[in-house]
Amino acid sequence: MTRADDEILEYLESRGAGTPKAIAGEIDRNNDYVGVRCRQLASYGLVDRPSRGFYVITDQGTAYLEGELDASRLEGEG
């Protein structure tokens, strides 16, 4: 987990949903980098991708932000 991951999750928690482009503009990060991190967060189960390029935070993502989920226990795909 990176600081950008926290920023992405915080954005999604406050806005409900977003695209990497919208998130990148808000958190002052590169659009491509945010896309990569969103896909990684999805592999951890912290965000869902209901449609291409569109992300929402999951209950597990909210639990992580609230300190109720230990990030060292997350396992991503690939």
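These are my notebook entries on one residue and two helix pairs in a predicted model.

**Entry 1, Glu-7.** I looked up Glu-7 and found this residue in helix H1, which covers residues 3-15. I then asked whether Glu-7 is buried or exposed. Its relative accessible area is 17%, and because the cut-off for buried is under 20%, I noted Glu-7 as buried. Setting aside neighbours within four places in sequence, I recorded contacts of Glu-7 with Ile-27 and Arg-29.

**Entry 2, H1 and H3.** Two packed helices are described by the angle between their axes and the distance between the axes, and I looked up both values for each pair. For H1 and H3 I noted that the axes come within 10 Å and cross at roughly 80°, so I entered the two helices as roughly perpendicular to each other. On the H1 side the contact is made by Ala-4, Asp-5, Ile-8 and Leu-9, and on the H3 side by Tyr-33, Val-34, Arg-37, Cys-38 and Leu-41. Sorting the residues of this contact, I wrote down seven nonpolar, no polar and two charged.

**Entry 3, H2 and H3.** I next took helix H2 (residues 20-27) and helix H3 (residues 31-44), whose axes come within 8 Å and cross at roughly 115°, and I recorded the crossing of H2 with H3 as right-handed. Which residues of H2 and H3 meet? From H2 I listed Pro-20, Lys-21, Ile-23, Ala-24 and Ile-27, which meet Asn-31, Val-34, Gly-35 and Cys-38 in H3. The residues of this contact divide into six nonpolar, two polar and one charged.

Terms used:
Residues numbered from 1 in each chain as written. Predicted model: local features only at pLDDT ≥ 70, side-chain atom pairs only at ≥ 80, totals over all residues. Heavy atoms only, no water. Helix = DSSP H or I, 4+ residues; strand = E, 2+ residues; numbered from the N terminus. Buried < 20%, exposed > 50% of the residue type's maximum accessible area, 1.4 Å probe, protein only. Contact = heavy atoms within 4.5 Å. Axes fitted to C-alpha atoms, helices over the stretch in contact; angles between N-to-C directions. Left-handed = near helix turned anticlockwise from the far one by under 90°. Nonpolar A, V, L, I, M, F, W, Y, C, P; charged D, E, K, R; others polar. Parallel < 35°, antiparallel > 145°, perpendicular 65-115°, else oblique.
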